[in-house]
Structure formats: C-alpha cells, structure tokens
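Grab a pencil and work through these exercises with the structure open beside you. Try each task before you read its solution.

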Amino acid sequence: MSAHAQDLQLRTTQPPPPPETQAANDDQVQFSANALEYDNENDIVTATGDVRMFRAGDRLRADKVVWNRKTGKVEANGNVAVVNPGGDVAYGDSIELTDSLKDGVADNMLLVLERGGRLAARHGTRALDETVTLEDAAYTPCAVTSTSGCPKQPSWKITAVKVVYRPEKNRIYYTGARLAVFGLPSIPLPAFSHPAGGHSDSGFLTPDIRLSGVNGLEVAQPYFFALGPNRALTVTPRIFTSVLPMLQVNYSALGEKGAFTVGGYATVSRRSDDLLTPVPTSTEQAFRGYIDGVARYQLSPNWTVSGSLRLTTDRTFLRRYDISNDDRLRSTASLERVDANSYLSISGWFVQTLRVGDRQGLQPIALPEIDYRRRIDDVLLGGKLNLQANSLAITRSGGEDTQRAFASAQWDLRKLTPWGQEVTLTAYARGDVYNASDIVDEPIVSYRGRSGVHARAIAALAVDVKWPFIGSFLGGTQRLTPRFQIVAAPKTENLSVPNEDARAVDLEDSNLFALNRFPGYDRFEDSTRFTYGVDWAVDLPGFSLDTTIGQSYRLGQRPVLFPQGTGLSDRISDIVGRTELRFRDFVSITARYRLDKDGLAVRRNEIDATIGSRSTYVLLGYLRLNRHIDPTLEDLQDREEARIAGRVQVTRFWSLFGSTVIDLTNKAEDPTSLADGFDPVRHRIGVQYEDDCLRLGFTWKRTYEDTGDARAGNSFILSLAFKNLGR
C-alpha cells in the first residue's frame with residue numbers, strides 16, 4: 001500500500017460550518033459559491049470557489065461542484081470536506097455522491113471521527129445509512145503532528161485491505177488487518193474489530209506478560225464483557241509455565257445511588273503451613289484464592305451505606321502471585337448518617353492477618369460499633385457542646401472478648417483577648433461500662449484489664465492559650481505563636497478495663513496538645529500537666545517554612561501508664577517537633593522528631609521529602625524508632641527503614657523509574673529481628689514510554705524475603721496499553 005493511499009495527516013481544508021437557519025431535518029438543499037454556471041438544457045449547475053451545500057444535517061465544502069439536478073449526482077473536486085450529522089468529517093481529492101449528501105465514493109479519503117481517531121484509504125464509499133467502506137485503509141487514534149505542527153508518524157496504526165465503519169453500532173471492522181507499533185514489523189489481526197470511541201464494548205484487552213522465578217512465564221489475556229452502559233465483567237485467564245493456571249474475574253456496576261466492584265482470583269497450587277521454610281515437594285495441591293470488593297451507596301442526602309471485603313485462603317497467596325504486599329486484610333461494613341450538627345455510624349469489621357507468627361484467633365471481629373455525635377452551639381457563655389455516645393463489641397475466636405459503651409460531653413469556649421491571645425476553655429466528662437472475658441489469652445498484660453463488668457468515670461479541664469505575633473520578614477511575613485496549655489484530670493481506673501484501641505502510644509507533634517495523648521478511648525491520661533511550645537512560620541515568595549516544637553511537664557508524682565520509651569513516662573516529657581519546608585513546587589520536606597529530654601538522643605526520626613517536578617522527581621523517606629520498649633509491655637517495636645523512589649523524564653515520552661525499601665533495623669534495635677542492619681526488602685526499576693495513545697513499559701522487580709512458597713527472587717513485567725482503542 002502506498003503512503004499516499006493511507007495519508008493520515010490532517011488536511012488543510014476547513015470543514016463547512018452548519019448553516020445559521022437550516023434545521024437538521026430540512027430536506028431542502030442550500031447552495032452557495034463564489035460563482036455559479038447553469039446549463040439549462042441539461043439541468044446542470046457548476047459551482048466554483050468555496051462551494052458549500054447543506055441538506056438535512058449533512059454538509060459539503062469543495063473548490064468545485066458539478067450538480068446534475070436530473071440524476072441527483074454531485075461531483076466535488078479540490079479540497080473536499082463532507083460532514084455527516086454525527087460530526088464525522090470525510091476529506092478527499094474528489095468525491096462523487098448524490099444530492100442527499102449521504103452516500104457516495106471518494107478517492108484518497110480521510111475520515112476524521114467525531115469520537116476520536118481517523119481513517120485514511122485509497123478509495124472510500126459511504127452508503128445511505130452512513131456506513132463507510134474503505135479499501136487499502138489505515139486507522140489510528142494517535143496524534144499525527146508534533147507539538148510544533150510538523151507531520152509525524154503515529155505511535156501505532158492498524159492497516160487493512162478493507163475497513164467498514166458502522167456509525168449506528170459505533171464500531172470499526174477490519175479485513176486483512178495488521179498492527180504496527182513504532183513502524184516495526186506488523187502483527188496480524190484476523191477478524192478484528194473495536195469501538196470507534198465514546199463507550200466500551202465487549203472484546204479482548206491488552207495482555208499482561210510477566211516472568212518470575214517462582215511461577216515462570218505468565219501470560220494473562222483479559223476479556224471485557226460490556227453487559228450494559230453501567231455494568232461490566234472482565235474475565236482474565238492467567239497461564240503460567242511453572243504452575244497451574246489461575247482465573248481472575250472482576251465485576252462492577254454503577255447505579256443511581258452508588259456503585260460496587262468485586263473481583264477474585266482462583267487457582268490450585270502447593271503451599272506450606274510452615275511459613276519459615278520453603279514448600280516441600282510432597283505438599284498436596286490445594287485450592288487457593290482471593291476476593292476483593294468495595295461498595296458505596298448514597299441512599300439519601302444524609303444516609304450512606306458502604307462496605308469492603310478482602311479475604312484470602314492463606315497467608316502467602318497474595319505475595320506468591322504478586323497481587324499485594326499487604327500483611328493484613330480488613331473487611332468492613334458501615335451505615336452512616338451525616339447532617340450539619342450530628343453524625344451516626346453503625347459499622348463493623350473483620351481482620352485477617354498475613355503476618356508470620358500472628359495468631360488468627362487473636363485478630364478482632366468488631367460487630368457492631370455504634371457511634372453517635374451531636375454538636376450544640378451557643379451553650380453556656382456562647383461555647384460549643386459536643387455530645388457522644390459509643391458502643392463496641394469485639395470478639396475473638398481464640399482470645400479476649402470485649403464489650404464497651406460510653407457517653408461523653410465536651411464543652412469548648414474560644415475567646416480572643418484585647419491583647420490578641422486566643423484562649424480556649426475545655427471541660428470534658430465521660431462515663432464508661434466494660435465487660436471482658438477470656439483475658440488470659442491476651443499476651444501483653446497491660447492490655448488485658450480485669451474479667452467481668454467494670455464501670456469507669458473520666459473528667460478533665462483544660463485551658464489552652466495561643467499568642468500569635470505577625471510581622472514582615474525578608475520581603476515576606478513571619479508568624480511566631482507561643483502556646484501554653486494546662487490539663488487537669490483526676491485519677492482514672494485505666495488498668496481495670498481492656499485496652500483495644502489505645503495501644504502503641506508515642507509522643508509526637510500531632511498529640512502534644514491533645515486532651516488525651518493515648519490514641520483511642522480505652523486509656524485516658526489522668527494527670528495534671530503543663531504543655532508548652534512554639535510555632536514559627538515564614539512565608540516568602542516561592543518559599544515557606546513551618547516548624548513546631550514543644551514539651552510537657554506533669555505536676556504530680558502519681559505512677560503513669562506510659563512505658564519507658566514513649567517519651568511520656570517521666571514528669572518531664574521528651575521534646576517533639578515537626579518542620580515543613582517548601583520551595584515553589586520543586587521541594588517539599590517534612591521532618592518529625594522526638595528528642596530524649598536528658599541527652600537529646602533521637603528517639604523518633606521521620607523524614608519525607610519530594611524533590612523535583614511532576615515529570616522528574618525523587619521521593620525520599622526515612623524512619624527510625626529508638627524507643628527501647630520491652631515487647632511484653634507494648635507491641636510497637638524499634639525499627640529503622642529507608643525508602644527511595646524516583647522518576648526521570650529522559651525525553652518527552654521516555655522515562656526511567658525505580659523504588660526501593662531497605663530495612664536498616666539491627667539486633668540492637670530489635671532483638672527478635674533477623675535483619676543485619678542493611679537488608680533490602682524489595683525494589684523495582686523500569687523504563688516507560690507514554691504518549692497520547694500508547695503506554696509501553698518494562699519493569700524489573702526483586703523481593704528479598706522468603707515466606708513459605710512466596711519466595712525471594714526476580715520478576716519481570718512487560719506492560720502495553722493502546723489508549724483510545726476502546727474495549
């Protein structure tokens with residue numbers, strides 16, 4: 001086929017605009033031109049110079065048109081453009097059609113579709129039903145000009161001996177088709193068709209190809225079933241060279257009030273119940289799978305129901321087949337009502353652990369949790385009153401069961417003094433009832449509480465004062481805000497009730513001035529304390545700096561619940577802070593830290609940084625917990641980790657990317673850890689090409705941890721997606 005026969009470049013001819021007065025169903029022909037000649041004897045009209053014809057929504061433009069009014073034949077020559085009512089534009093050197101402007105034939109035809117994409121052919125024919133048949137044709141949805149307007153070859157195109165475009169079905173059919181990518185040797189496409197754009201239709205999707213040391217070569221070929229405008233099913237067989245095939249199914253639906261999607265994987269393979277050793281060859285084949293679903297429905301402006309489902313047959317399936325690296329799966333259900341001044345939630349959840357050494361019987365099943373909150377304005381001197389009622393039932397198949405209910409009231413009054421201080425007064429009261437059973441199964445004693453029914457009363461008073469000072473600084477502004485808080489709370493019976501939601505406490509900037517520095521409700525800080533700190537913010541053109549630092553002092557010498565290492569166990573707390581730095585849209589750095597009050601040793605150090613533009617950037621992350629807490633007292637242990645990720649835009653379309661996670665924990669930080677102080681966890685490196693209609697990538701991934709049949713090793717992923725091709 002000649003290049004001229006498949007010229008996909010946009011023609012210089014401008015399509016004719018619709019007439020200002022003619023209706024879409026007007027069957028009269030409107031005609032205009034720079035010059036007209038009439039052959040009265042043969043009833044032939046010859047028009048030259050920007051000729052335009054309009055009839056019933058169809059439009060034609062050409063340099064010259066010869067119209068035989070007896071036969072109804074129209075011959076258009078020179079820069080011809082024909083537009084149908086759907087907006088598709090056909091260009092050609094010459095076109096022969098009837099005066100209905102609906103059917104005809106054209107040479108060197110270019111058809112630009114309203115829904116996207118274009119077809120070029122040596123010869124084209126359009127029927128009365130607007131079906132277009134093209135010979136020696138090519139199709140592409142890609143750009144055919146560069147950003148500077150110069151012609152360029154599309155990233156991919158389909159060439160065919162014959163192409164049929166059916167607008168009523170919004171589909172393009174090919175005979176003798178071949179696919180060419182980057183001009184490389186063509187790939188045959190027998191009996192091929194696809195939507196012309198604008199909606200999804202049933203058909204094959206782009207295949208997924210992977211190679212791993214555990215499963216061998218993997219080829220996945222999805223097939224998309226368009227079950228309606230709001231429902232779809234995707235079935236993906238996955239074939240492996242080293243293990244049995246796996247089937248993946250995804251179904252999604254969108255309704256007037258919400259949507260849901262559910263997917264699953266199913267296969268049969270060998271697995272090991274001993275996660276610390278490889279799978280023995282004598283292990284029997286077993287069914288393995290995973291289900292994942294999420295749904296959300298807005299029943300009314302106030303009521304919402306939602307849920308999620310995540311379950312797997314065993315602890316290594318997701319990692320073995322490179323589906324997910326999650327170590328816990330959470331299934332939830334929730335009914336919520338929200339209005340301007342109240343909130344109601346009835347929810348529940350179930351946790352499945354995938355961690356080595358965790359007992360599934362100790363994982364909680366919460367059903368139900370009921371939480372109601374109401375805000376009342378202008379109460380007692382103009383303050384705000386927040387009321388809350390909460391109940392929770394937690395069940396474990398092999399551990400402690402807990403039922404809890406409480407009601408609380410919190411009154412806040414915020415005032416500004418004549419000197420500019422912001423003063424907030426807070427009064428808090430709460431009453432709890434707990435019931436616990438099977439407490440001996442809880443491995444950490446301080447979390448157990450006492451068996452049976454127990455009641456507890458909680459109260460606190462607080463005064464919080466902020467005094468901001470604002471002024472100019474280096475051509476910008478700065479804000480210095482000293483802050484002081486007093487909290488007084490009587491002794492609370494904390495250890496008599498179980499601790500389900502207030503575990504792993506750590507002093508940080510987010511809870512420094514909190515009324516209760518324990519997370520959750522099951523523990524409450526019962527002391528009188530002063531907390532002091534300062535915020536400093538600088539805003540300059542293109543630059544901002546925001547930093548916070550603070551500490552607290554406990555007045556009494558009453559024993560506290562906080563273990564050594566949390567930063568709160570002594571009367572004087574550790575020093576905590578946060579610093580955020582931004583430079584235009586190029587640099588963003590956030591650092592959080594906790595310094596030991598005695599020797600200023602770093603007990604917590606967390607840094608997250610983003611440097612670069614949207615196309616070329618590096619992400620840096622570092623975390624170190626240096627708490628030295630006995631694992632029998634708390635389950636948050638010391639850890640040190642570094643994370644690096646980045647992308648480099650080499651050219652406009654080509655980029656390199658990579659990421660890695662490195663475990664820096666050693667035995668001095670965690671005696672139970674097997675790490676040696678520099679253990680890579682996983683990394684990936686890849687290259688990707690992406691333009692307006694094609695995405696092509698190659699990724700190398702490596703994991704370094706063995707867990708049963710989820711073995712460490714390399715895997716390679718080839719991804720290819722044809723954009724705008726439809727489904």
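Before you start, here is a term you will need: a residue is buried when its relative accessible area is under 20%, exposed when that area is over 50%, and partly exposed in between. Keep in mind, too, that this is a predicted model.

**Exercise 1. A ring pair**

Task: Work out how the rings of Phe 31 and Trp 67 are arranged, and sort both residues by how buried or exposed they are.

Solution:
- Step 1. Start with the big picture: there are 20 aromatic pairs in the structure.
- Step 2. Now take Phe 31 and Trp 67, whose ring centres lie 5.6 Å apart with the planes at 10°. Ring centres within 6.5 Å make a pair, and planes under 30 degrees apart count as stacked. Both conditions hold here, so Phe 31 and Trp 67 form a stacked pair.
- Step 3. Look at where the partners come from. Phe 31 belongs to strand 1 (residues 30-32) and Trp 67 to strand 4 (residues 58-68), so the pair links distant parts of the chain, 36 residues apart.
- Step 4. Use the cut-offs from the start. Trp 67 has a relative accessible area of 12%, so Trp 67 is buried. Phe 31 comes out at 26%, so Phe 31 is partly exposed.
- Step 5. Check what else sits by Trp 67. The charged end of Arg 69 is over the Trp 67 ring, 5.4 Å from the ring centre.

**Exercise 2. More rings**

Task: Find which residues are linked into a cluster by ring pairs, and which residue lies over the face of Tyr 704.

Solution:
- Step 1. Follow the ring pairs, and you get a cluster made of Phe 182, Phe 653, Trp 654 and Tyr 689.
- Step 2. Then go to Tyr 704: Arg 702 lies over its face, at 4.9 Å from the ring centre.

**Exercise 3. Empty space inside**

Task: Say how many cavities of 30 Å³ or more the structure holds, and describe what lines the largest cavity.

Solution:
- Step 1. Here is the idea behind the search: rolling a probe the size of a water molecule over the atoms shows where empty space is left.
- Step 2. Count the results: the structure has 3 cavities of 30 Å³ or more.
- Step 3. The largest cavity has a volume of about 140 Å³. Its lining is made of 21 residues, and the ones nearest its centre are Val 82, Ala 90, Ile 95, Met 109 and Arg 126.
- Step 4. Ask which elements give two or more residues to that lining: they are strand 6 (89-98), strand 7 (104-112) and strand 8 (118-126). Strand 7 gives the largest share, 5 residues.
- Step 5. Sort the lining of the largest cavity by class, and you find 12 nonpolar, 4 polar and 5 charged residues.
- Step 6. While you're at strand 7, look at Ala 106, which is found there. Ala 106 has a relative accessible area of 3%, so Ala 106 is buried. The C-alpha atoms of Ala 106 and Glu 75 are 9.9 Å apart, although 31 residues separate the two along the chain.

**Exercise 4. A second cavity and a pocket**

Task: Describe the volume and lining of the second largest cavity, then do the same for the second largest pocket.

Solution:
- Step 1. The second largest cavity holds about 50 Å³ of space. Among the residues lining it are Asn 494, Phe 518, Glu 525 and Phe 562. By class, this lining has 5 nonpolar, 2 polar and 2 charged residues.
- Step 2. In the second largest pocket, there's about 1,100 Å³ of space.
- Step 3. This pocket is lined by 41 residues, with Phe 204, Leu 205, Thr 206, Pro 207 and Phe 722 nearest its centre. Strand 43 (residues 713-722) provides the largest share of the lining, 6 residues.
- Step 4. The pocket lining divides into 25 nonpolar, 10 polar and 6 charged residues.

**Exercise 5. Annotated stretches**

Task: Give the helix and strand content of residues 287-654 and of residues 32-81.

Solution:
- Step 1. An unreviewed UniProt entry annotates residues 287-654 as "domain: LptD C-terminal". The chain there is 1% helix and 58% strand, and its end C-alpha atoms are 42 Å apart.
- Step 2. For residues 32-81, UniProt (unreviewed entry) lists "domain: Organic solvent tolerance-like N-terminal". That stretch is 0% helix and 76% strand, with its end C-alpha atoms 15 Å apart.

Terms used:
Residues are numbered from 1 along each chain as its sequence is written. This is a predicted model: local features need pLDDT of at least 70, side-chain atom pairs count only at pLDDT 80 or more; totals for chains, interfaces and linings use all residues. Side-chain values use heavy atoms; hydrogens and water are left out. On a 1 Å grid over the protein atoms alone, a cavity is a set of points where a 1.4 Å probe fits but cannot get out, and a pocket is an open set with protein on both sides within 12 Å along at least five of seven lines; lining residues have an atom within 4 Å of a point. Grid points are joined across faces, edges and corners, and a volume is the space filled by probe spheres set on the points. Helices (H or I, at least four residues) and strands (E, at least two) are DSSP runs, numbered from the N terminus. Ala, Val, Leu, Ile, Met, Phe, Trp, Tyr, Cys and Pro count as nonpolar, Asp, Glu, Lys and Arg as charged, and the others, Gly among them, as polar. Rings of Phe, Tyr and Trp (its six-membered ring) pair if their centres lie within 6.5 Å; planes under 30 degrees apart count as stacked, over 60 as edge-to-face and the rest as tilted. Buried means under 20% relative accessible area, exposed over 50%, partly exposed in between (1.4 Å probe, protein chains only). A charge sits over a ring if NZ of Lys or CZ of Arg is within 6 Å of the ring centre and within 35 degrees of the ring normal. UniProt positions are given in the numbering used here, feature names are shortened, and annotations may be inferred rather than shown by experiment.
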